[in-house]
Amino acid sequence: MDSSLPVLLDVSHSVSSENSEVERPLGNTELSYFLPSRASGVNDMYLHLGFVAPEHVVLRARVRLVWAILRIRHPLLASKVLMQGYDDVRFVFTPPQSPEDALVDADYNLEYRSSTKDELIDSYLNGSRTLSSDRLSYLIVSQGGTSLPSPPLTPRSTSPFDERESPSYNHDIMICAAHFLGDGMALHQFANDFFGLLGSEKTIAELEAQLKEELSSRWGTDSTRTAALPNALEDSFTVRPSKLRNAAEKVDFQLSQQKLVGGHSFRRQTKQPRHTIVPTVSYDPEQTKSILKRCKTHGVSVSAAIFAACNIAWAKMCTEKQDLSMMMYSALNLRPYFTVKPVNDSYWFLAIGYFNVILPTFIPRSIDLSSVFWHRARVAKEQCTQAAKNRMIVSRSLLMAEERGQRARLWAKEDDERERGTFVLPPPAPPVPAADTALRTPSAALIGLSLLGNLDGIYKHGAFPTIQLHTLTTGSRQRSGGMLLFGYTFAGKLWVSLGYDINGFDKAMVEQFWGNVLQTMDELLLK
């Protein structure tokens, strides 16, 4: 490995000292992720990718340059967070004053290890926190584990060395970023751009020139761009002030929340510290094609089928409260609804809302299981479509963001006071009338699903022919008792994984559920 110091460039180009800092306050959605992350990195994201490539492609000098270019292009990655109060939290970005400064910053946030995929993920999820308020992103490269040449080594020629003919090896890379910086869409688009530059035919000198150009055009003295960070989610919509409209939107939001009925959850236990594991299953390309074809025949997506698989898996093991529905939550990409043109063209920002899929818990004995499964997959598809096409999606998302932000501030203040030993219990709330209590329905979600769809539509594998991506795993550091199921297609294969705190739940119950999910998929999607 090349672990040399940053490459020295011509520093005659510089950034205006007048624009030494660019900042903006965090929006409610960002704040709802930032405040809980301060103690132990809850929700810090990671994206692991395993790939085969010639060794020269992942030399530190090259990786550092690509990392530096993209950190200039996406300034939140290289920003810091300054918190002066629960209502005063800001992103602060200091543009590098020269290409050399950009390389020093990139190198400081780049690490080479000799670890396997599982070691990388376990260390990130269960070890000390990698990120902080001063380090919002980090890149880890490893040649450990299965560093075997592929294809096999051939006898060396006496002709001059040609990098294009050098043997390829297995490598692992892990992109780490705080969740309040962005979401899965940003993370995967970034990985594609990263490999596009890394696997390009550009030489080190050409990448150096690109770094210089990117810095000059975006943050230099002659730049025609406005020095600004990407907008917060809440600033990406055109909102016309109207008391009547605001009142109607609040009523709609409350009514929509009242429809969220879910009466099922996993039994929890908190005897030991959090320890996240991520069991992962992949289906080979032929199996994946069969699953996709079967879903298409029944008029649903794989994502809808996975909702149904979780529903059937839980229903098979449910012995109580079968009259109550089972609720699952998921994230919704809000970028298509933006109405404000951004000043910065970076896609690294947080733009998610939330929706729920609610399905019956019982399985009718009079109908065969396959029919029940495909019917519920269609119901899940319909609910997903209704959530995405609802004309109140923007107002509901903004009101939910406001509620989450307020809740995060209150909990953060309480956490800080408990840590300082100054917390005082609030006075007890007045008793709720029995009539009101009787009308309330439970709204517990069993599990969250992150269904990323066909990632091969994002990763342009043909754009970096020297790199063969073969494995993808993603997730985040969890709070105690956290659980999230992932589903996506990548490298022609369907992948399903369950990230959860093994010490936070009844172990047998979670293992039975996971086994039921896989069994349901094998029996109803593959056969």
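How many cavities of 30 Å³ or more does the structure hold? Just one. Bear in mind that this is a predicted model.

## The overall picture

Let's start with the whole chain. The protein has 13 helices and 17 strands, and 49% of its 527 residues count as buried. If you look at contacts with a separation of 6 or more, 84% of them come from residues 24 or more positions apart.

As for the surface, the protein exposes about 25500 Å². Carbon and sulfur atoms supply 53% of that area.

## The cavity

Rolling a probe the size of a water molecule over the atoms shows where empty space is left. Here, the largest cavity comes out at about 60 Å³. Its lining takes in Tyr 46, Leu 125, Thr 276, Val 278, Thr 474, Gly 475, Ser 476, Gln 478, Leu 484, Phe 486 and Gly 499. Two elements give two or more residues to that lining: strand 15 (468-476) and strand 16 (483-490). Strand 15 gives the most, with three residues.

What about the chemistry of the wall? The lining of the largest cavity splits into five nonpolar and six polar residues, with no charged ones.

## Helix 4 and its cover

Leu 125, one of the cavity-lining residues, also turns up in helix 4 (residues 117-126), where it is buried along with Leu 120, Ile 121, Tyr 124 and Asn 126. An α-helix has 3.6 residues a turn, so residues three or four places apart point the same way.

Plenty of strands help cover the buried residues of helix 4. Among them are strand 2 (45-54), strand 5 (110-113), strand 6 (137-142), strand 7 (168-177) and strand 9 (276-277). Strand 15 is part of the cover too, and that strand is also the top contributor to the cavity lining.

## The second largest pocket

Now for an open site: the second largest pocket has a volume of about 500 Å³. It is lined by 19 residues, and those nearest its centre are Val 239, Glu 249, Val 394, Ser 395 and Leu 398. Helix 7 (243-258) and helix 11 (393-420) are the elements that give two or more residues to this lining, with helix 11 giving the most, at five.

Charge does appear in this pocket: its lining divides into seven nonpolar, five polar and seven charged residues.

## Asn 516 in helix 13

Is Asn 516 buried or exposed? Asn 516 has a relative accessible area of 11%, so it counts as buried, the cut-off being under 20%. This residue lies in helix 13 (residues 507-526). Leaving aside neighbours within four places in sequence, Asn 516 is in contact with Ala 313, Lys 316 and Met 317.

How values were computed
Residues are numbered from 1 along each chain as its sequence is written. This is a predicted model: local features need pLDDT of at least 70, side-chain atom pairs count only at pLDDT 80 or more; totals for chains, interfaces and linings use all residues. Side-chain values use heavy atoms; hydrogens and water are left out. Helices (H or I, at least four residues) and strands (E, at least two) are DSSP runs, numbered from the N terminus. Buried means under 20% relative accessible area, exposed over 50%, partly exposed in between (1.4 Å probe, protein chains only). Contact means heavy atoms within 4.5 Å. On a 1 Å grid over the protein atoms alone, a cavity is a set of points where a 1.4 Å probe fits but cannot get out, and a pocket is an open set with protein on both sides within 12 Å along at least five of seven lines; lining residues have an atom within 4 Å of a point. Grid points are joined across faces, edges and corners, and a volume is the space filled by probe spheres set on the points. Ala, Val, Leu, Ile, Met, Phe, Trp, Tyr, Cys and Pro count as nonpolar, Asp, Glu, Lys and Arg as charged, and the others, Gly among them, as polar. Accessible areas come from the Shrake-Rupley method with a 1.4 Å probe; for residues, only the protein chains shown count as cover.
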